[in-house]
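The following exercises are to be worked with the sequence and the coordinates at hand. Each task is followed by a solution in steps.

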There are 2 protein chains.
Amino acid sequence: MKFSILRGTSFVHTLLSNKIKNGDVVIDGTMGNGHDTVFLAKLVGKEGKVYAFDIQPTSIECTTKRLMETGLNSLEGIQLLQVGHENIETYVKEEVNVAMFNLGYLPGGDHTLITKPNTTITALHSVMKLLKKGGLISIMIYYGHEGGTLEKEAVLTMLENLPSEEFVVIKTEYMNRKNDPPIIIIVEKK
Amino acid sequence: MKFSILRGTSFVHTLLSNKIKNGDVVIDGTMGNGHDTVFLAKLVGKEGKVYAFDIQPTSIECTTKRLMETGLNSLEGIQLLQVGHENIETYVKEEVNVAMFNLGYLPGGDHTLITKPNTTITALHSVMKLLKKGGLISIMIYYGHEGGTLEKEAVLTMLENLPSEEFVVIKTEYMNRKNDPPIIIIVEKK
């Protein structure tokens, strides 16, 4: 993998790929256009499981297409759920190794359809419960849209107050870039 | 490598190991007890070069011992220089792929011997000049000691003002940990 910090996704993928192995159970909390779902599916392989969530039908279509094009041996373990991520606990009953979230809107999609503080925080709490010891959650926060700052503040406040005996939380920010670059959070269960 | 964000060094080593290959030229700007020098030496191999800097004689001794114990095939490409890192440009004349800095004091060493803003900033400027396109600098800032905050502020201000056309800079902080956990900076040359 050619690693660069120029793009937040490259940074996140590099870190998570050190943690995900064949057979793992993982969650894509914001399927969007399917980039992260494909990334996760490749790493967990046909013995693993990916649960991907998004309420937008276009997201399921786009991700299905992308998965087909990837040439994976089997899509059996991959569940694309057209359901809001606040319902994660209804669908996932196992311990998970990794969960990924991109907060904001679907790039190239409907910009009025954005993730919202309440459902986002419910989803994060669910995932923190399901997370294995040593497991990771990545959260890319895009906040340049209307309501984005509100969601960012709510999520950061929740994370700052997580008990340090149970979770390590790091926040990565771009220092010399304009136009609201994303904030990247990694949570690890101790 | 078992990756964890619990320790800042694991985080930094994981990111950098995606960038360093056999034969690369790299700098350890703060040799200290030699942990990073050994990490770098292993990755660049016997075709590569490591320039490591520290003014403390104990640092050279400790690092030499550590390198001997590592069972590397050859130590030919490794230069342990008992020289302040503000002199990097006198000793390194090639382009470098990666440079590492730990700012503060040598753990287990003399806590009154700390890195200082002026020489640190001179060293960072030298390394930014020598850095290849796509190359990385890591800077772990420990600032819990006297003078630490002053150095931290000086370094952060310098980095915030780097031209975004030439450098990407990310800052990673622990969100829910007390007792001045380190701040981790990664600089990439565009």
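Strands are DSSP runs of E with at least two residues, numbered from the N terminus. The model is predicted.

**Exercise 1.** Determine in which strand of chain A A:Leu81 lies, and whether A:Leu81 is buried or exposed.

*Solution.*
Step 1. A:Leu81 belongs to strand 3 of chain A, which spans residues 78-81.
Step 2. Buried means a relative accessible area under 20%. The relative accessibility of A:Leu81 is 11%, so this residue counts as buried.
Step 3. Neighbours within four places in sequence are set aside; the contacts of A:Leu81 are then A:Met31, A:Tyr51, A:Ala52, A:Phe53, A:Asp54, A:Ile60 and A:Tyr91.
Step 4. A:Val168 is 87 residues from A:Leu81 in sequence, and their C-alpha atoms are 29 Å apart.

**Exercise 2.** Describe the order of elements in chain A and compare its radius of gyration with the globule rule.

*Solution.*
Step 1. Chain A contains 6 helices and 7 strands. Read from the N terminus, they follow the order α-β-α-β-α-β-α-β-α-β-α-β-β.
Step 2. The globule rule gives 16 Å for 190 residues, and the radius of gyration of chain A is close to that at 15 Å; chain A is therefore as compact as a globular protein of that length.
Step 3. Along the principal axes, the C-alpha atoms of chain A occupy a box of roughly 40 × 40 × 35 Å.
Step 4. Of the 190 residues in chain A, 56% are buried. Among contacts in chain A with a separation of 6 or more, 69% join residues 24 or more positions apart.
Step 5. The exposed area of chain A is about 8600 Å², with 50% supplied by carbon and sulfur atoms. Chain A carries 20 positive and 22 negative side chains, and 6 Å separates the centres of the two sets.

**Exercise 3.** Identify the residues that touch the most other members of the largest nonpolar core, and place B:Phe11 in its surroundings.

*Solution.*
Step 1. In soluble globular proteins, nonpolar side chains tend to be buried together.
Step 2. The largest nonpolar core has 50 residues, and A:Phe11 and B:Phe11 touch the most other members.
Step 3. Beyond its neighbours within four places in sequence, B:Phe11 contacts A:Phe11, A:Leu15 and A:Ile170 in chain A, together with B:Phe3, B:Ser4, B:Ile5, B:Thr172 and B:Ile184 in chain B.
Step 4. B:Phe11 is one of the buried residues of helix 1 of chain B, which include B:Gly8, B:Val12 and B:Leu15. Since 8 of the 10 residues of this helix are buried, helix 1 of chain B is largely enclosed by the rest of the structure.

**Exercise 4.** Establish how many residues of helix 2 of chain B are buried, and which elements help to cover them.

*Solution.*
Step 1. The buried residues of helix 2 of chain B are B:Asp36, B:Thr37, B:Val38, B:Phe39, B:Leu40, B:Ala41 and B:Val44.
Step 2. Because 7 of its 10 residues are buried, helix 2 (residues 35-44) of chain B is largely enclosed by the rest of the structure.
Step 3. The cover of these buried residues includes helix 1, helix 3 and strands 1, 2, 3 and 4 of chain B.
Step 4. After helix 2 of chain B comes B:Gly45, with a positive phi near 70 degrees.

Definitions and conventions:
Residues numbered from 1 in each chain as written. Chains lettered and ligands numbered in written order. Predicted model: local features only at pLDDT ≥ 70, side-chain atom pairs only at ≥ 80, totals over all residues. Heavy atoms only, no water. Buried < 20%, exposed > 50% of the residue type's maximum accessible area, 1.4 Å probe, protein only. Helix = DSSP H or I, 4+ residues; strand = E, 2+ residues; numbered from the N terminus. Contact = heavy atoms within 4.5 Å. Rg over C-alpha atoms; globule rule 2.2 N^0.38 Å. Areas by Shrake-Rupley, 256 points an atom, 1.4 Å probe, with all protein chains shown as cover. Lys, Arg positive; Asp, Glu negative; His and termini not counted. Charge placed at Lys NZ, Arg CZ, Asp CG, Glu CD. Core = buried A, V, L, I, M, F, W, Y, C linked by side-chain atoms within 4.5 Å.
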